[in-house]
Amino acid sequence: MKWSLLAATVLAPSLLIARIPSLHAASDSEIHVVVQGLLDNQGRVGCSLFNGPDGFPRQKAKEFRGIWTKKQNHVAVCDFPNIPAGTYAVAVLDDSNMNGKMDFDLIGLPTKGYGFSNDAKATLSPPPFSAASFSYSGKGSLRVPINIVYRAR
């Protein structure tokens with residue numbers, strides 16, 4: 001499989017209103033994604049929340065929810081409020097140049113950061129839903145940390 005499959009992964013985040021994380025009030029039932037290790041504060045981070053393996057992580061139409069958010073202090077926070085109990089997985093993209101897609105170098109390696117819940121690893125393709133999935137009870141705020149990965153450096 002090629003890195004093009006990974007590229008499709010980062011096309012999944014939908015274009016929703018960006019929020020400043022510190023101004024967002026916690027919900028009674030939210031998934032709180034914290035993206036760590038960003039190289040800079042330029043651009044934005046896209047987060048895609050999937051509620052099943054169908055379409056994960058490539059198909060935007062199959063995403064449960066998606067958001068673009070700002071970076072602050074090399075961290076980005078994506079809050080998904082009012083989430084019912086279930087099994088979920090998250091895919092993220094560091095979109096520093098704000099073109100809404102993964103970019104590649106001359107040999108096909110991704111030049112933008114990406115990541116998945118559980119810090120699931122991508123090799124020649126994105127990880128399966130089962131590697132990135134987690135359970136959520138539907139109550140309280142669940143913190144989901146994701147360490148961003150940069151391949152081409």
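Begin by selecting I31 in this predicted model: setting aside its neighbours within four places in sequence, I31 is in contact with L49, C78, D79, F80, I83, Y88, F134, Y136, L142 and V144. Widen the selection next to the largest nonpolar core, which holds 21 residues, and within which I31, V33, V35, C47, F80 and V92 touch the most other members. The elements that contribute two or more residues to this core are strand 1 (29–36), strand 2, strand 4 (75–81), strand 5 (86–95), strand 7 (134–136) and strand 8 (140–147). As background, nonpolar side chains in soluble globular proteins tend to be buried together.

**Strand 1 and its partners**

Now display strand 1 as a whole, where six of the eight residues are buried, so that the strand is largely enclosed by the rest of the structure. Which strands should be shown beside strand 1, and in what sense does each pair with it? Strand 8 pairs with strand 1 in the parallel sense, over eight bridges, whereas strand 4 pairs with strand 1 in the antiparallel sense, over seven bridges. To find these pairings residue by residue, select V35 together with I146, its bridge partner in strand 8, and then Q36, which stands opposite V75 in strand 4.

**The disulfide**

From strand 4, move to its cysteine, C78, and show the sulfur atoms: a disulfide joins C78 to C47, with an S to S distance of 2.1 Å. The count for the structure comes to one disulfide. The pair links distant parts of the chain, since C47 belongs to strand 2 and C78 to strand 4, 31 residues apart. Looking along the S-S bond, you will find an angle of 70° about it, and the link of C47 and C78 is right-handed. Are these two cysteines buried or exposed? Both C47 and C78 are buried.

**The second core and the aromatic cluster**

Next, leave the largest core and select F56, M102, F116 and F129, which are among the 13 residues of another core lying apart from it. Here it helps to display the aromatic rings, because ring pairs link F50, F56, Y114, F116 and F129 into a cluster. A search of the whole structure finds six aromatic pairs. One of them is formed by F50 and F56, an edge-to-face pair with 5.3 Å centre to centre and 90° between the planes. F50 counts as buried at 0% relative accessibility, and F56 is buried as well, with a relative accessible area of 7%.

Keep F56 selected and add F116: the ring centres of F56 and F116 are 6.3 Å apart and their planes stand at 65°, so this pair too is edge-to-face. F56 lies in the loop between strand 2 (44–50) and strand 3 (65–72), while F116 lies in strand 6 (residues 114–116), so the pair ties together parts that are 60 residues apart in sequence. F116 is buried, with a relative accessible area of 1%.

**A charge over a ring**

For the last stop, select R44 and W68 and look at how the side chains are placed. What sits over the ring of W68? The charged end of R44 does, at 3.8 Å from the centre of the ring.

Conventions. Residues numbered from 1 in each chain as written. Predicted model: local features only at pLDDT ≥ 70, side-chain atom pairs only at ≥ 80, totals over all residues. Heavy atoms only, no water. Phe/Tyr/Trp six-rings, centres within 6.5 Å; stacked < 30°, edge-to-face > 60°. Buried < 20%, exposed > 50% of the residue type's maximum accessible area, 1.4 Å probe, protein only. Helix = DSSP H or I, 4+ residues; strand = E, 2+ residues; numbered from the N terminus. Lys NZ or Arg CZ within 6 Å of the ring centre and 35° of its normal. Core = buried A, V, L, I, M, F, W, Y, C linked by side-chain atoms within 4.5 Å. Contact = heavy atoms within 4.5 Å. Disulfide = S-S within 2.5 Å. Pairing = 2+ DSSP bridges.
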